[in-house]
Structure formats: C-alpha cells, structure tokens
Amino acid sequence: MATLQEKLQELIPQWRAERSKILKEYGSKELSKATVAMAFGGMRGIKGMICDTSVVEPDKGLIIRGNPLLDVMDLWPEQTFCLLLTGTIFDLDDSVIKNFQTEMDRRSQLPQYVYDVLESMPHDSHPMCMLDTGILVMEKESTFRQAYTKGMQKADYWIPTLDDAMDILAKLPSLAAAVYRLRYNKGDYINWTPGLDWGANYANMLGLADSTGNFAKLMRLYLHFHCDHEGGNVSANTCHTVGSALSDPYYAVSAGLNGLAGPLHGLANQECLGWVLETIEKFGGAPTEEQIEKMAFETLRSGKVIPGYGHAVLRVTDPRFTGFNKFGKQYLADDPVFQTVDRVFNVVPKVLEKFSKERVAAGKNPIANFWPNVDAGSGALLYHYGLEEFEYYTVLFSVSRAMGMLSQLVWNRAVGTAITRPKSVSMEWITRNVK
Ligand code: NMX
Ligand code: MLT
C-alpha cells in the first residue's frame, strides 16, 4: 500500500535535481521584462515565480500537470489533489487514493472550539469570513509549527507541511458545511460519513436533498474544476507569499482565501448569479437577448464590471465554463436560470467588445478578454440543486482552491523556494532612473 507521502519521497529528489540543473543552465538568463506600466498594472505578464502544479495558457486555459482540464474532466477531487502533487493520475482503486480517503476519514472531525468560535461570530458575518476564521483558529494544531519550533532540517519542511495539508483538507468539508448550516439556520450539523468520498461527503453535510445523486456529481466536478490556476493569481500568490515566511499552512491558506473573497477574484461567482437573477427579476422572467444586452450596457455604464467575464490571463472561453455548461445541458437543460446563463454567453462578449471600443475612444484601456471565466455559469447549477444562498458560493470555490494552494506550498517547501521579497520602487525613483 503506497501513500502520498511515499510517492512524494520518491519524487522530491528528482524535483530537487531538476531545480539545480535548471538553475545551473538558466540561472543567469532573463525570464521576463518588467515595464513601468506592468508595475502599476498588477504585475500582469511579469514572469517572476515558478509553479509546477498547473499552468494557464491564454488560449487553452487550465492545464493540470500537463493535462488540459477538459481531457481529465471526470477526475474526483481526491485524484485531483494527488495529480497536482505528484503529476500522476491514480485510479480510484489505487492504494494512494484509498490511503488518502482513509486519512480524510481519520482527520475529518472538527475540534469543538471551532464550532464555539463560529457560533460566537456575528450572525450576519459573511460565510467567507467564517470559513477563514475557522481555518485560522485551528492554527494551534499545526504540526509544521511544532516541528519547526523543535528544530528541523530544511530538507524535511515539506513533511509536516503535507501533514498540515492533509489535516486542513480533511476538515474543510466539515467546516464549510458547518458554516452553511449555521449561517443559514439549516438545523443541526451533519457529520462526515466514513467511507464516502470527499466531494459526496461535502454535498451530504450541506444537507440538501439529492435523490438522484446529481448534486454529489456536481460537487465532485465543482471541486475538481476550481482546484488550481497556476501560481500568480491573488489567492495562490498570497498563500505562497505568506508561506514563504515559513508561516504554517493554516496561516497561509487562510490568508490566500481572504484574497479569494474579493469580488474581482472568487467572489465573482456570487455576483454572477446575483446579476443573472436581477436580470430575470427586472424583466419578469427569462430575459430575451435584447433585454440582456440592455442590462449589460446599463451595468457597464454605471461603472460596474460584468461579473464572470474577462480574465487576467485567459483570452478564450474558460474551459471550466465549457465543462459546467456541458453538465448543465446534460442534467438541467430546461432550467430557466441555466438557460439565461447560456443566453448571457451569447450576448455579453459582443457587448464587452463594443464597450471596449467606446472605452478606447474615451482614452481608457481596452478590455483584454470578452469571454466567460469559471464564475459565469457555476452558480446556476448550484441554484438548481437548492443551494440558493449565493453569498456562500465562494466557500465552495475555497474548499477546492485549497487543494491547489496546499499542493503549491508542499512543492515550494520541497524544492526550497526562498522567502518572497520583490523590489519596489517609488514614483520619484522612476522619474530619476528609468530611461
Ligand atoms: N466588465 C467590465 N469591465 C471589465 C471587465 C468586465 N467583465 N473585465 C475587464 N474590464 C475592465 C477592467 O476593469 C479594466 O478597467 P480599468 O482599466 O478602468 O481599471 C480594463 O477592462 C482592463 O482590464 P483587463 O486587462 O481586461 O483585465 P484585468 O486583467 O485587469 O482584470 C478581471 C481581470 C478578471 C479582474 C476582470 O476581467 C474583471 O473584473 N472581471 C469581472 C470579475 C470577475 O469575473 N472576476 C473573476 C475572475 C476569475 N476568478 O474566479 O478569479
Ligand atoms: C481563476 O481561477 O480564474 C483565478 O484564480 C484567477 C486567475 O487565474 O487570475
């Protein structure tokens, strides 16, 4: 019976050797240029960090360890996490996956103090604030911090990091489900069911009726699709930066998720469904394409963004949107909210293109990408299965994205990435020094 730790034990010497070879061969070569506009523009396009778990190609989208997302659409989240970490797709009956599931069963119980803290928070706290607080308050469980305090070799840092990662992942579905049931007065908490997979367990603990099992299927897909998006996005980058100070994974993941809670990042999924439902309400039913166009222009002209559209890296329809759309067409083709999302997809890219031309004519930046991202369609699917509290949606995103953040953390500790410290300059420095 092999474990994830044993698999990593085999791989890490190879990663370290590769890192040394790359540094020897390419260490002094230029990776990227940085212009002043890039520095003001969120460092977009500056290549300044390494991430092996996944890459995002502008014209292809998410590629997990060499596998384009839609080619591996059917993976369960357990397989996703092991793939992110090791680069191998293990079958569901492989001992690595079985062991991982046993570990999830063993570690899934939340300490009582987490419930106590959640219950003492203001009842109108945002679910993301509750989730992040729940993770942070468990920091005292960190085996990384304990091992570091006792004294440990740098080469071993990844081992307690992996242990903390397993613990956080095992507890996240219970924590996230507890947030849902408490925040929305759904009654008693539902316990983790040993032997049930990670995604179905989370679906079950939310407590929504699922007689067909299709909600559990959606949850597995949802958790798989949101797992990672290379290293530079706000949440991954924040988690990496905090982790690079050797803050333990509880601190790092909680920090990363605080970034995911921003409306330009993961919170866009709650905003998207809100926008779609507002459009339906405004026009008294599923809107026509003309009505959607009118609403989209109104949104843009009032200075707001259209949530779920545009992306910092992607320049095509996000394959995650395509995959969710496929699921919708298979299981809920007649749902009016899903149909509206599909109609929005026919209209909004053309509206953004027109609006971008108006912006340029007015001397502003063009909109770089008119196409839907991951958040544009997922909410309609959740809504169909009765998960109607859309302020909660970013929590689902978080449970999944923790897999990417944690696997990046393990990888960085394994290869010994240094503490993050880019150089900043002042505006005055630019005027004096940039030629
Ligand atoms: N609606 C209106 N304006 C937009 C949109 C949009 N959907 N997308 C980009 N723009 C604007 C953007 O605000 C910026 O304006 P300004 O120069 O006045 O600040 C201009 O177009 C140029 O931005 P881009 O270079 O196209 O995009 P950038 O890389 O800066 O930002 C996003 C990427 C994703 C933040 C941006 O497209 C956006 O705000 N989209 C809506 C929010 C969203 O869906 N976020 C979720 C992203 C995925 N995720 O889950 O993390
Ligand atoms: C995403 O999942 O789309 C992101 O994390 C945002 C990004 O990649 O910039």
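Let's start with R359 and ligand 1. In this predicted model, a polar side-chain atom of R359 sits 3.1 Å from an oxygen atom of ligand 1. The protein covers 77% of the 890 Å² of accessible area that ligand 1 has on its own.

Now look at the backbone. G308 brings a polar backbone atom to 2.7 Å from an oxygen atom of ligand 1. Y309 does so with a nitrogen atom of the ligand: a polar backbone atom of Y309 is 2.8 Å from that nitrogen. So far, then, we have a side chain from R359, and backbone atoms from G308 and Y309.

Who else is there? How many residues surround ligand 1? The count is 23. The closest are H265, G308, Y309, A368 and D375. By class, the shell splits into 14 nonpolar, six polar and three charged residues.

On to ligand 2. Which residues surround ligand 2? They are H229, N233, H265, H311, R320 and R401. Notice H265. We met H265 among the closest residues to ligand 1, and here H265 is again, around ligand 2.

Three side chains make polar contacts to oxygen in ligand 2. Take H229: a polar side-chain atom lies 2.7 Å from an oxygen atom of the ligand. For R320, the distance from a polar side-chain atom to an oxygen atom of ligand 2 is 2.8 Å. For R401, an N or O atom of the side chain is 2.7 Å from an oxygen atom of ligand 2. Taken alone, ligand 2 exposes 270 Å², and the protein buries 86% of that.

What classes make up the shell around ligand 2? Four residues are polar, two are charged, and none is nonpolar. Set that beside ligand 1, with its 14 nonpolar residues.

Last stop: helix α12. Find residues 249–260 on the screen. That's twelve residues. From the first C-alpha to the last, α12 reaches 16 Å, close to the 16 Å expected.

At the N-terminal end, D248 is the cap. A side-chain oxygen of D248 lies 3.0 Å from the backbone nitrogen of Y250.

Is α12 mostly covered or mostly open? Mostly covered: ten of its twelve residues are buried. Among them are P249, Y250, V253, L257 and L260. Small residues appear on that list too, including A252, S254 and G256.

What does the covering? Other helices take part, including α6, α7, α8, α11 and α18. Trace α8 over residues 158–183 and α18 over 393–415. R401, our contact to ligand 2, carries a number inside that α18 range.

Definitions and conventions:
Residues are numbered from 1 along each chain as its sequence is written. Chains are lettered from A and ligands numbered from 1 in the order in which they are written. This is a predicted model: local features need pLDDT of at least 70, side-chain atom pairs count only at pLDDT 80 or more; totals for chains, interfaces and linings use all residues. Side-chain values use heavy atoms; hydrogens and water are left out. Helices (H or I, at least four residues) and strands (E, at least two) are DSSP runs, numbered from the N terminus. The expected span of a helix is 1.5 Å times one less than its number of residues. Buried means under 20% relative accessible area, exposed over 50%, partly exposed in between (1.4 Å probe, protein chains only). Contact means heavy atoms within 4.5 Å. A polar contact is a pair of N or O atoms within 3.5 Å; within protein, one must be able to donate a hydrogen and the other to accept it, and residues adjacent in sequence count only if both atoms are side-chain atoms. A residue is near a molecule or strand if one of its heavy atoms lies within 4 Å of it. Accessible areas come from the Shrake-Rupley method with a 1.4 Å probe; for residues, only the protein chains shown count as cover. Ala, Val, Leu, Ile, Met, Phe, Trp, Tyr, Cys and Pro count as nonpolar, Asp, Glu, Lys and Arg as charged, and the others, Gly among them, as polar.
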